[in-house]
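Trainee: I should like to study a single part of this structure closely. Please guide me through one charged side chain and its surroundings.

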Amino acid sequence: MSVKIGNIDLGEFPLLLAPMEDVSDPPFRYVCKKGGADMMYTEFISSEGLIRDAAKSKKKLDIFEYERPIGIQIFGSDIESMREATEIATLASPDLMDINYGCPVKNVACRGAGASLLQDIDKMVKMTEAVVKATHLPVTVKTRLGWDDNTKNVEEVAERLQDIGIQALTIHGRTRAQLYKGEADWTLIREIKRNPRVKIPIFGNGDVDSPQKAAAWRQEYEVDGIMIGRAAIGYPWIFREVKHFMQTGEILDGPTLKERVIACKTHLEKSIEWKGPKVGVFEMRRHYANYFKGLPDFKSYRMQLVKEEDIPTIYELLAEIEHKYAQAEFIPDLA
Ligand SMILES: Cc1cc2nc3c(=O)[nH]c(=O)nc-3n(C[C@H](O)[C@H](O)[C@H](O)COP(=O)(O)O)c2cc1C
């Protein structure tokens, strides 16, 4: 059965790319879309930043036709600001609006926002209602299991937010207190799926990093789709591999070295195109090691790639990597 959010038909068991600050920008999303992501989200955008017209926040509203369906994610601690930010973001014409109630960070931007709202469900409900009323687009929410082990209140969140009109909920199987530590536990997510009151699609998130795990957790936790974050960094093929495994029960061969180089070059190209040469080159540095994970003795190339400023030299280095490792007698473990 197809999963639907408003008029958006996501097909059967969609795979979503997680919103990730400083990662899921348009260049990264481009390679993930090619890798088979069914729906994507922007990085989270500060509601206050949007209202102030801050350049960083405004830039995050950039979305492209080929990215659809795509959601813009916002966060904030003030209901009126969230309402206003929703109106601003709606003008960028995403397919849906998403609210972040999962960010565990306590810095200035996130104070009272993100997962903090899990401590004040009444306020969360009011905030969500304000967002739903401020846009004609479907609104979705991403959150965690609860604040800590003693307050795993996501079931209440699911029911109450559904009642005021959200159209899908993604749950990261950790509490705020856990941050990113320990294993994600999806047991509570299954309980929500089994709650007959809950009708909206429920997406599971947290620690899916292989086709086998995705297929096993789909069965075990009965979710409507899965959202993948970290496993897609440097490995956009995760989406097609999960799909292939679910359809055939077979593990698709991993990308060839050539495919890795092409994806990395495409990511770099798009970075330069969207951010300009200086920032594009600089921000690409965090990605190189991920594209070439598993290659033996890669360190010296990585060191060069993260220092190099000259774009043609970077392309030469990438060509050299492709040549060197393709020539190697051993087949490195690229898994
Ligand atoms: C670098 C990084 C940035 C993140 N930024 C966001 C964000 O902007 N909004 C959000 O809802 N979650 C954010 N998250 C959380 C992810 O969306 C996701 O819930 C988490 O990584 C668990 O999924 P995974 O195990 O598949 O990575 C971020 C995670 C990482 C690692």
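Mentor: The following account begins with one residue and then turns to charged pairs. This is a predicted model, in which local features need pLDDT of at least 70 and side-chain atom pairs count only at pLDDT 80 or more, while totals for chains, interfaces and linings use all residues. Residues are numbered from 1 along each chain as its sequence is written, and side-chain values use heavy atoms, with hydrogens and water left out.

Glu43 belongs to strand β4, residues 40-46 (strands are DSSP runs of E, at least two residues, and helices are runs of H or I, at least four, numbered from the N terminus). Glu43 is buried (under 20% relative accessible area, with a 1.4 Å probe and protein chains only). Even so, Glu43 has no salt bridge, a term for a side-chain nitrogen of Lys or Arg within 4 Å of a carboxyl oxygen of Asp or Glu. The nearest side chain of opposite charge, Lys60, is 4.4 Å away from Glu43. A polar atom of the Glu43 side chain does lie 2.6 Å from the backbone nitrogen of Asp22. Beyond its neighbours within four places in sequence, Glu43 is in contact (heavy atoms within 4.5 Å) with residues including Asp22, Asp25, Arg29 and Lys60.

Two of these contacts of Glu43, Lys60 and Asp25, have salt bridges of their own. Lys60 is linked with Glu21 and Lys56 in a network of salt bridges. Asp25 meets Lys275 in a salt bridge of 2.7 Å, N to O. That pair links distant parts of the chain, 250 residues apart: Lys275 is in helix α10, Asp25 in the loop between β3 and α1. Both Lys275 and Asp25 are buried.

Definitions and conventions. Buried means under 20% relative accessible area, exposed over 50%, partly exposed in between (1.4 Å probe, protein chains only). Lys and Arg count as positive and Asp and Glu as negative; His and the chain ends are not counted. A polar contact is a pair of N or O atoms within 3.5 Å; within protein, one must be able to donate a hydrogen and the other to accept it, and residues adjacent in sequence count only if both atoms are side-chain atoms.
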